[in-house]
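Ready for a few warm-up exercises? Take a look at the model below, then work through the tasks one at a time.

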Amino acid sequence: MADSARRFGVGYALAPKKQSSFIQASLVSLSRERGVDLVRIDPDRPLADQGPFDCVLHKLYGDDWKQQLDDYVAQNPNVLIIDSPEAISRLHNRISMLQVVSEINVEESDTASFGIPRQVVINETATLLDPAAWGESLEFPVIAKPLVADGSAKSHKMSLVFNHDGLKKLKPPIVLQEFVNHGGVIFKVYVVGEYVKCVKRKSLPDVTKEKLRSLEGSLSFSQVSNLTSNERNDDKYYKMMNLEDAEMPPECLVNSIASGLRLAMKLHLFNFDVIRDTRVGNRYLVIDINYFPGYAKMPGYERVLTDFFWDVLNKKQIGFDGRCVRKLVGNNGCGEDEGELPFSPLKREDNEKKIQV
Ligand SMILES: Nc1ncnc2c1ncn2[C@@H]1O[C@H](COP(=O)(O)OP(=O)(O)OP(=O)(O)O)[C@@H](O)[C@H]1O
Ligand SMILES: O=P(O)(O)O[C@H]1[C@H](OP(=O)(O)O)[C@@H](OP(=O)(O)O)[C@@H](O)[C@@H](O)[C@@H]1OP(=O)(O)O
Ligand SMILES: [Mg+2]
Ligand SMILES: [Mg+2]
């Protein structure tokens, strides 16, 4: 049989909500036309009894699931697991999640820089209530985020804390992160293998010094950039903002961070949130990285994902470790030739990186 006529089976193991948003009829039919059959994996039955699959996509948690994947690979050495559970687990802790940003190498320039906000991990209430014990000086306002980012509703419950009083309600283990004014706009960068797409979303409003003095202890919120337009429009602040006018970050910067993260994390399917620090010109901060995000919200996601499956299954992409995959395609937005990464080794003392745009 000619290679182009070969069919491939891609098993997906996803939570019900993720399955209903991601597995749309339009994706299934486009993939089918390209020879890729998307098949549901039943998480309640042993993986070893299902398939055979050429590739397994997954976003499930727990040791049992990891063991099932290991066993499946042992029995089916040619299967592609996208992505490796070890690589994904780095994103389940908000400290290890952002540490990777300081591990990526980019070319230095004075035009733009990127990094992460100052943050500390707080394991006990006594430390929480004693800022002198934080080990890093943070000024209010700060954002309190659950340390664990495991996709549960609880892991998305955030608090914007305006003063010492607001700390009292918090329950460690948490990460306290400096709240950086960013003009109320967040950039979400979706990565699918080599493909990168940056979109704008509304974010939390800036907190001015005057406003800070007048605010009560804290404000709780959850998944603000996922709110529907109606939910946001209830707030007069959001009515004042015009998302369309917000300037996008430099494409080269976004692409370089995306490639750097992909290679450093050995992950193909993720997105990251970036804000522009309004205190400094072209300073960008990565504040969150999510495994297998809501791709259906990405314009033309069916084609992007289908191309990715096809490339992976036809071995057009080279593995991180022989089994998982990567490829360099197209212009990276930095004026480099196709196939070249705009990286060179860079060592800096702080977690700030500079990049040519
Ligand atoms: N350091 C920060 N400075 C300013 N705003 C921030 C900061 N960290 C988070 N935010 C705001 O809070 C929102 C939620 O934070 P974050 O993205 O870390 O949470 P999450 O629950 O992991 O989100 P997601 O739904 O993308 O997984 C961001 O989208 C942004 O609007
Ligand atoms: O639900 P959606 O499709 O919106 O996707 C969201 C996804 O939820 P889901 O995995 O339950 O689908 C979230 O995953 P968990 O952290 O909760 O694991 C997280 O990745 C968000 O960033 C995604 O929103 P986006 O970043 O794309 O705006
Ligand atoms: Mg986020
Ligand atoms: Mg997140």
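What follows is a short set of exercises on two metal ions and one acidic residue.

This is a predicted model, where local features need pLDDT of at least 70, side-chain atom pairs count only at pLDDT 80 or more, and totals for chains, interfaces and linings use all residues. Residues are numbered from 1 along each chain as its sequence is written, chains are lettered from A and ligands numbered from 1 in the order in which they are written, and side-chain values use heavy atoms, with hydrogens and water left out.

**Exercise 1. Find what coordinates the magnesium ion (ligand 4).**

Step one: look for donors, meaning N, O and S atoms within 2.8 Å of the metal (3.2 Å for Na, K and Ca); water is not among the atoms, so sites may look incomplete. Step two: you'll land on D288, listed with OD twice, and N290 through OD1, at 2.1 to 2.7 Å. Step three: check the record, where an unreviewed UniProt entry has "binding site" at D288 and N290; such annotations may be inferred rather than shown by experiment.

**Exercise 2. Work out which residue coordinates both magnesium ions, ligand 3 and ligand 4.**

Step one: list the protein donors of ligand 3, which are D273 (OD) and D288 (OD), lying 2.0 to 2.2 Å from the ion. This pair links distant parts of the chain, with D273 in strand β13 (residues 269-276) and D288 in strand β14, 15 residues apart. Strands here are DSSP runs (E, at least two residues), and helices are such runs too (H or I, at least four), numbered from the N terminus. Step two: the two ions are 3.9 Å apart, and D288 coordinates both.

**Exercise 3. Decide whether D273 and D288 are buried or exposed.**

Step one: buried means under 20% relative accessible area, exposed over 50%, and partly exposed in between (1.4 Å probe, protein chains only). Step two: D273 is at 5%, so it counts as buried. D288 is at 11%, so it counts as buried as well.

**Exercise 4. Find the nearest side chain of opposite charge to D206.**

Step one: place D206 in the loop between β11 (195-202) and α7 (209-214). Step two: Lys and Arg count as positive, Asp and Glu as negative, with His and the chain ends not counted. Step three: K211 is the one, 7.7 Å away.

Terms used: Salt bridge = Lys/Arg side-chain N within 4 Å of Asp/Glu carboxyl O.
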